[in-house]
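Here are my notes on the model you sent over. I've kept them as short numbered points, so have the structure open while you read.

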Amino acid sequence: MARFLVKRLLSATLTLFAVSVLSFLMFFALPRDPVSGMCPKNCNPERLERVRQELGLRDPLVSQYAGYMKGIVTGRDLGSAQGGRCDAPCLGWSYVTNEAVSDTIARVLPVTLSIVIPAAVLWLLLGVGLGMVSALRRGTWLDRLAIGFSLTGASLQLYFVGAVLLLVFVYHLRLLPVPGYTSLFDDPLKWASGLVLAWVSLAFLFSAIYARLSRAQMLETLSEDFVRTARAKGLTKPRVYGRHALRAAITPVVTIAGLDVGGALGGTVITETTFGIQGLGRTAVDAVRAGDLPTIMATVLIAAVFVVLANVVVDLLYAAIDPRVRLR
């Protein structure tokens, strides 16, 4: 197991290194000049060149990349043009908000985490549970209800579901406040009430996908020889379904869940835009619109970290569910 974990961590490290190089090179590929955005319209060429020198934009790319990575680990001195000393993890200095990018990320990342993690718990419990029950009650009214739920969820879009929930529960019935973010540690009730519509929207749409996938996998597993053998041995239904069939059927669900959660943590752009919540996704979109290249680089890198970590967790869960994976 230790060897398996080391291999996966090494692969994740190499992937993040490649993403960091690509995101850094993207800084120079974009046509927008960051110095022109920082200076007023009346900046003369001499002043623009002086600012470029202060920002280190005239240094070799290798030196700039090394300095960027060093800043993430140990911090670095950005110079007077970028706020002076930047403590680790230093992700650069925003040319638009005139603050350390790490401060911006620290402010918006808890918002995205507060949206995604509770929603993921809801959609996994609802989707997997409904799919498994539907498979075990195949052909009954419960199965037809689950299929109808799945088709409905797969046919709708988040911006439509979110808008309907806002109209009904916030503006018509006035049962909930306007969505917003309050720290969980400041007021747990206000935190939940401000994000519950985002949770429900994500859980409804994602659980529909997981219900269909779980049902299909469970039906396929129930027809396998090892399930029939377990029944022939006289094992109880909860033992056959829970310990044997569920364990085999859950592996594809784990893969999809890891990718979905990792991608959502990288930025729930549509969700945050629909409910007017400023999280990592909206911050990335705003940075692209404003040409704020350091913030763009940071959000890309953080999104990659979440996706890679999610894949590592999926690999570890696979190894726990199916011991044969550890031998690969």
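1. How many Å separate the centres of domain 1 and domain 2, taken over C-alpha atoms? The answer is 33 Å. Bear in mind throughout that this is a predicted model.

2. On the domain split itself: domain 1 takes in residues 1-102 of the protein chain, and domain 2 runs over 103-325. The two do touch, with 29 residues of domain 1 in contact with 25 residues of domain 2.

3. Next, the annotation. The UniProt record, an unreviewed entry, places "domain: ABC transmembrane type-1" on residues 109-318. In the model, that stretch is 82% helix and 0% strand. Its end C-alpha atoms sit 28 Å apart.

4. One helix pair is worth pulling up on screen: α8 (residues 188-222) and α10 (residues 237-249). Their axes come within 8 Å and cross at roughly 120°. Angles of 65 to 115 degrees would count as roughly perpendicular and those over 145 as roughly antiparallel, so α8 is oblique to α10. As for handedness, the crossing of α8 and α10 is right-handed.

5. Which residues make that contact? From α8 it's Gln217, Met218, Thr221 and Leu222. From α10 it's Tyr241, Ala245, Leu246, Ala248 and Ala249. Sorted by type, the α8 and α10 contact has seven nonpolar residues, two polar ones and no charged ones.

Notes. Residues numbered from 1 in each chain as written. Predicted model: local features only at pLDDT ≥ 70, side-chain atom pairs only at ≥ 80, totals over all residues. Heavy atoms only, no water. UniProt positions renumbered as here; feature names shortened; annotations may be inferred. Helix = DSSP H or I, 4+ residues; strand = E, 2+ residues; numbered from the N terminus. Axes fitted to C-alpha atoms, helices over the stretch in contact; angles between N-to-C directions. Parallel < 35°, antiparallel > 145°, perpendicular 65-115°, else oblique. Left-handed = near helix turned anticlockwise from the far one by under 90°. Contact = heavy atoms within 4.5 Å. Nonpolar A, V, L, I, M, F, W, Y, C, P; charged D, E, K, R; others polar. Domains from an automatic or database assignment.
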